[in-house]
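Reader: I am new to this structure, and I would like to understand how its descriptions are arrived at. Could you show it and take me through the reasoning?

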Amino acid sequence: MTIKTTCHYAGASKTDYSSISDEEWRKQLTDEQLYITRKKGTERAFTGEYWNTKTPGTYHCICCDTPLFESSTKFDSGTGWPSYYQPVGNNVKSKLDLSIIFMPRQEVVCAACNAHLGHVFDDGPPPTGKRYCINSASLKLKPK
């Protein structure tokens, strides 16, 4: 089975991502990408490929190629992870993350394949006031 698709927005893909096994994901992703996107891991701050990238383009999901964030919405949050104030359309969704009991957060996932991307916080810049704090390993930059 080939996992990569030409999905360009949430819901456009014909792939049933929920039926893809860990073994199939392992064939498509590096160990770090698998750990972050499929096991809800986190890369260390200031170590990811895109935390300080200024290249214009679109950041896509490493798992399904859905466009997630435009570089024009990227900002320096000082956190060590790529941060954006707005996703592309409805291609990103969030859900309550209670994995750390004393610190409930909103997990951010790809709306197409449910890959874990990071978390969203309410301390971002205008116009949204949101900070989508995203793991570089969950992204693939397609320069303009």
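Author: Read along the sequence, the chain runs in the pattern α-α-β-β-β-β-β-β-β-β-β, which comes to 2 helices and 9 strands. Please keep in mind that this is a predicted model.

Reader: What makes the chain agree with a compact globule?

Author: For 144 residues, a compact globule would have a radius of gyration near 15 Å, and the chain has 14 Å, so the value agrees with that expectation. The C-alpha atoms fill a box of roughly 40 × 40 × 25 Å along the principal axes, and 46% of the 144 residues count as buried.

Reader: How many disulfides does a search of the whole structure find?

Author: The search finds 0 disulfides. For C113, the nearest cysteine sulfur is that of C61, at 3.7 Å, whereas a disulfide calls for sulfur atoms within 2.5 Å, and therefore C113 is in no disulfide.

Reader: Why is C133 not bonded to C61?

Author: The closest cysteine sulfur to that of C133 is the one in C61, and because it lies 17 Å away, it is too far for a bond.

Reader: How do you know whether C113 is buried or exposed, and what about C133?

Author: Buried means under 20% relative accessible area; C113 has 3% relative accessibility and so counts as buried, and C133, at 9%, therefore counts as buried too.

Reader: What supplies the area that the chain exposes?

Author: Of the roughly 7600 Å² exposed by the chain, carbon and sulfur atoms supply 52%.

Notes: Residues are numbered from 1 along each chain as its sequence is written. This is a predicted model: local features need pLDDT of at least 70, side-chain atom pairs count only at pLDDT 80 or more; totals for chains, interfaces and linings use all residues. Side-chain values use heavy atoms; hydrogens and water are left out. Buried means under 20% relative accessible area, exposed over 50%, partly exposed in between (1.4 Å probe, protein chains only). Helices (H or I, at least four residues) and strands (E, at least two) are DSSP runs, numbered from the N terminus. The radius of gyration is taken over C-alpha atoms; the globule rule is 2.2 Å times the number of residues to the power 0.38. Accessible areas come from the Shrake-Rupley method with a 1.4 Å probe; for residues, only the protein chains shown count as cover.
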